[in-house]
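Biologist: I would like a close look at a single part of this model, set in the context of the whole. Please take it step by step.

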Amino acid sequence: MSFEEKYKHYKNSRNLDVSEDYINKTVERVSDKISSPRRNARPFIWGFSATAAIATVFIFLIYPMAFRQTPNKPITKQPTETKQNIAQSPNDIQAKDSGALASVPVKKETVSNDELDQEAVIEYLIDEGYEEI
Amino acid sequence: MGQETLQTYTDQELMEMFRDENRSNYAFNLIVRKHTPALYRLIRRMVIDSDDTDDILQNVFIKAWRALPKFREDASLGTWLYRIASNESITFINRKRKFLFIPLQSQETYLNQKLEADSLVDYEKGEKKFQQAITTLPEKQRLVFNMKFYEDLTYEEISLITGTSVGALKASYHIATKKIESLLQPD
């Protein structure tokens, strides 16, 4: 016996048949929807989405780029070397060994590498009274 | 308007009438009347819930109204409407599943609950069990089963509606019947 024959009584069940009244109501509902001006939510949704997308791009990309503050350049020069460090050349070490530098007052004034000028250092030391260097 | 009036018009005649601008509204009215019963049964068997069925059925006809002027009649009007209805039903089921976070495995439970709560249909003894067995089938298989078993559509028509080959449909229907039979076997 085939499946259809076996379950014929369920197949022919009429419990999902619709009434004439239901058909009339369906016709009415469909007619109302068709004849009423189309209330379409899509333009609104698209408009909203587009605005949100533009706002997101502006907030996260354009705004930080356009109004970003350039990082403050240090007003004072970065301490790179102190005069204590400068006095580490072989000559200085020699001088130090001889005790000549022992009483040199060291100013912890910062100087950049650019300004590291051996002549200026020697001049400074001479000015300070260490002529033997 | 009685059933007799509807039966006198074929789908072809209704389409010809629809193309006449003066009679398109009347023709569409007749199309809705003619195809509501079959589409209702198909959608109702897919989504179970009567309110959901009403909404989907309404959407089907609204979509049909918008698309009818472009309908090329490659298939019959009935087949075309079945196609819209089956797509709408499956889209609705998937949307609802996502919205309610229903996992695939729980879909059957969800539909069974709907069946149990359905007070509009008076299932005879054993029929509810038969319906519950159908709900265990995957959506597409259930759709094929409903169209073949209840609506007596040919495999060729179902193929046009679902876009699946006749061979695959035959296999799908065979598997579905085997599964239902196994579930209806007394323990």
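Among contacts in chain A between residues at least 6 apart in sequence, what percentage join residues at least 24 apart? With that settled, please turn to the nonpolar surface patch and say which residues make it.

Modeller: This is a predicted model, and the figure you ask for in chain A is 68%: that share of the contacts between residues at least 6 apart in sequence joins residues at least 24 apart. Chain A holds seven helices and zero strands, so that its pattern, read along the sequence, is α-α-α-α-α-α-α. Of its 133 residues, 18% are buried, and the chain exposes about 10,900 Å², of which carbon and sulfur atoms supply 56%.

The nonpolar patch covers about 850 Å² of surface and is made by A:V57, A:F58, A:I59, A:F60, A:L61, A:I62, A:Y63 and A:F67. One of these residues, A:F67, is found in the loop between α4 (42-66) and α5 (83-86) of chain A. A:F67 counts as exposed because its relative accessibility is 55%, and exposed means over 50%.

Confidence should be kept in view when reading this region, since the loop that holds A:F67 leads to α5 of chain A, and α5(A) has the lowest mean pLDDT among the elements of that chain, at 54. Helix α3 (residues 20-35) of chain A has the highest, at 91. Over chain A as a whole the average pLDDT is 72, with 56% of the residues scoring at least 70.

Chain B gives a background for these values. Chain B has ten helices and zero strands, and its elements run α-α-α-α-α-α-α-α-α-α from the N terminus on. Of its 187 residues, 53% count as buried, and chain B exposes about 9,600 Å², with carbon and sulfur atoms supplying 50% of that area. Among the contacts in chain B with a separation of 6 or more, residues 24 or more positions apart account for 60%.

Helix α6 (residues 107-117) of chain B shows where some of that burial lies, with B:Q107, B:Y110, B:L111, B:N112 and B:L115 buried. The cover over the buried residues of α6(B) includes α3 (24-47), α5 (77-99), α7 (127-135) and α8 (139-150) of chain B. To return to the part you asked about, A:F67 is exposed and belongs to the nonpolar patch of chain A.

Definitions and conventions. Residues are numbered from 1 along each chain as its sequence is written. Chains are lettered from A and ligands numbered from 1 in the order in which they are written. This is a predicted model: local features need pLDDT of at least 70, side-chain atom pairs count only at pLDDT 80 or more; totals for chains, interfaces and linings use all residues. Side-chain values use heavy atoms; hydrogens and water are left out. Patches are made of residues with over 30% relative accessible area and no salt bridge: like charges are joined within 9 Å, nonpolar side chains (Val, Leu, Ile, Met, Phe, Trp, Tyr) within 5 Å. Accessible areas come from the Shrake-Rupley method with a 1.4 Å probe; for residues, only the protein chains shown count as cover. A salt bridge is a side-chain nitrogen of Lys or Arg within 4 Å of a carboxyl oxygen of Asp or Glu. Helices (H or I, at least four residues) and strands (E, at least two) are DSSP runs, numbered from the N terminus. Buried means under 20% relative accessible area, exposed over 50%, partly exposed in between (1.4 Å probe, protein chains only). Contact means heavy atoms within 4.5 Å. pLDDT is the predictor's confidence in each residue, from 0 to 100.
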